[in-house]
Amino acid sequence: VSIELNMSEKRGNIMAVLENLEPKKVFHFFEELSAVPRETFDMQRISDHCVAFAKERGLEVIQDDCLNVIIRKPGTPGYEDCEPVILQGHMDMVGEKRPGSDHDFKKDGLKLYVEDGFIKAKDTTLGGDDGIAVAMAMAILDSDDIPHPPIEALFTVDEETGMGGANGIDMSIFKGRKVVNIDSEVEGVLTCGCAGGIEYEAAIPVHREKKDGTKVTVRIHGLNGGHSGSEIHQQRGNAHKMMGRFLYRLSKEVPFTLVDIFGGAKHNVIAMECEASLMASVEDAEKIAAKAQEMKEIWDHEFMGEEEGLKVDVDMKAGASEDACDEDSTGRVIGFLAGCPNGLQEYSRKLKGIVETSLNIGVVDTQADCIKMGHLIRSSVESRKVQLKEQLDLCAELAGGTGRIISQYPAWQFDPDSELRKIMVESFREVYGREPEVSVVHAGLECGIFLGKRPDLDCVSIGPDLPDIHSFNERMDIASTQRTWEYLKTILKNCK
């Protein structure tokens with residue numbers, strides 16, 4: 001009982017932050033979701049929360065073996081016999097925090113606040129991606145005055161890494177065919193296609209030997225980071241590639257061996273931080289520090305103020321003794337890190353300004369016998385996706401290592417005959433008084449997986465403005481959320 005009271009008190013404190021914002025129910029449910037830890041692969045609590053929400057309202061609910069949640073609500077008067085509409089979003093969020101933050105995504109709720117017309121979370125990602133989808137669907141499910149056809153709300157798990165919930169869902173249980181996915185981050189854009197992806201891991205084996213000398217730790221941090229799909233074209237700094245460049249240049253001037261290298265938490269996040277520890281002589285340690293400062297000045301010049309938070313720190317520990325990689329292993333790891341492709345690769349030849357192909361090295365991790373590097377390849381063209389996978393295979397092979405596919409998902413192809421898109425375009429005109437932008441997105445969306453299971457589905461994705469998702473700068477535009485909510489209600493009204 002005391003635990004329940006404490007949670008109630010905790011939620012009460014959090015709820016006070018957004019309680020005066022409209023639409024009231026949407027932000028009410030968003031705050032409740034924000035109180036529940038829901039980082040990818042930690043889904044039991046948030047899934048149970050959604051089940052409890054449905055049961056409290058007497059709604060039909062299914063929680064499958066993957067912890068996906070399906071909630072059904074009948075249509076309102078006049079809509080009872082209409083085809084159901086599937087409202088879809090994912091429950092998990094990317095857990096990124098500002099360096100120095102003591103936030104624990106396993107046990108802490110988010111600390112929300114409002115600033116300059118945006119909702120933000122203190123020192124962490126906000127989880128607007130995709131908590132706002134769940135909150136909007138909950139507001140529809142909770143309503144008694146919003147006209148709508150029968151609703152099948154689908155809340156999936158583990159979208160951010162591998163799309164496990166979408167892969168595991170049984171789409172044959174759905175009666176509806178129209179899917180309104182609320183997982184886009186730019187208001188006014190109807191997303192009607194997305195890139196496919198490959199989550200890839202390279203492993204470079206290393207041989208270790210005892211080394212004595214000065215341990216030099218170089219840390220690149222303070223970068224903007226961001227979503228490796230929707231923001232890859234902005235050419236933000238990737239700390240792993242920057243570290244590879246630094247170590248390669250350093251290796252041409254100063255003898256050293258690598259002890260370890262770490263950085264990044266997610267394949268789909270542009271790496272904001274990378275740290276490498278090196279062994280060198282006392283004299284060469286000073287040269288390493290000087291080279292790090294030189295590279296910092298080069299990067300500041302190249303970024304032209306766009307990575308204003310960039311820092312390069314160097315720490316030295318004399319008289320150290322470490323099991324370091326030998327010279328050959330050090331060279332092979334640096335060779336892969338410096339040489340592997342990364343970032344924007346191709347723009348679409350059919351859709352102006354749309355990224356077709358990219359990849360991101362998101363995670364670097366040192367283990368006893370190897371160094372692993374995780375990438376996310378994206379492309380709307382299958383053969384380009386395969387090409388990049390082959391390039392990484394070649395880089396790994398040349399570095400004496402191996403590569404493997406961890407997971408992959410298909411592209412979502414644009415449907416020129418979409419009935420749902422026509423309804424949503426007309427609804428947009430009704431609400432906004434102008435034409436929407438109809439586009440495809442470079443980020444991965446679950447619609448591609450759903451269509452692979454049910455080719456008869458008709459999918460469109462929308463969402464409010466959510467700048468800088470997947471980073472601790474993530475924020476949600478309040479006015480945009482209000483307009484998107486009115487738009488969603490109009491879509492449902494017109495699905496008759």
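What pLDDT does the chain average, and what share of the residues score at least 70? This is a predicted model, and the chain averages a pLDDT of 94. A score of at least 70 is reached by 97% of the residues. The N-terminal stretch needs care in reading. Over residues 1-14, pLDDT stays under 50. For that stretch the model has nine contacts beyond four places in sequence.

Turn now to a sheet. Three strands form an open sheet in the order 4-5-20, and the pairing is antiparallel. Which strands stand at the edges? They are strand 4, residues 112-115, and strand 20, residues 475-477. Each has a single partner strand, so one side of each is left without a neighbour in the sheet. From one strand to the next, the twist averages 25°.

Strand 5 spans residues 118-121. Its pairing with strand 20 is antiparallel and runs over three bridges. One position to look at is F118, which stands opposite D477 in strand 20.

A helix belongs in this picture too. Helix 2, residues 24-34, lies across strand 4, strand 5 and strand 20. Against strand 4, helix 2 runs at about 135°.

Next comes the empty space. Rolling a probe the size of a water molecule over the atoms shows where such space is left. How many cavities of 30 Å³ or more does the structure hold? There are two.

The largest cavity has a volume of about 50 Å³. Its lining brings together L33, S34, V36, P37, R38, E39, M93, F105, D108 and L110. L33 and S34 line this cavity, and helix 2, the helix across the sheet, covers residues 24-34. By class, the lining divides into six nonpolar residues, one polar and three charged.

The second largest cavity has a volume of about 40 Å³. Which residues line the second largest cavity? They are E187, G188, V189, L190, F428, Y432, I462, G463, T484 and Y487. Three elements give two or more residues each to this lining: strand 8 (189-194), helix 10 (419-432) and helix 12 (478-494). The residues here divide into six nonpolar, three polar and one charged.

To trace the path again, begin with the open sheet of order 4-5-20. Add helix 2, which lies across its three strands. Then place the cavity lined by L33 and S34, among others. Finish at the second largest cavity, with strand 8, helix 10 and helix 12 contributing to its lining.

Key: Residues numbered from 1 in each chain as written. Predicted model: local features only at pLDDT ≥ 70, side-chain atom pairs only at ≥ 80, totals over all residues. Heavy atoms only, no water. pLDDT = per-residue confidence, 0-100. Contact = heavy atoms within 4.5 Å. Pairing = 2+ DSSP bridges. Helix = DSSP H or I, 4+ residues; strand = E, 2+ residues; numbered from the N terminus. Axes fitted to C-alpha atoms, helices over the stretch in contact; angles between N-to-C directions. 1 Å grid on protein atoms, 1.4 Å probe; cavity = no way out; pocket = protein on both sides within 12 Å on 5 of 7 lines; lining within 4 Å. Points joined across faces, edges and corners; volume = space filled by probe spheres on them. Nonpolar A, V, L, I, M, F, W, Y, C, P; charged D, E, K, R; others polar.
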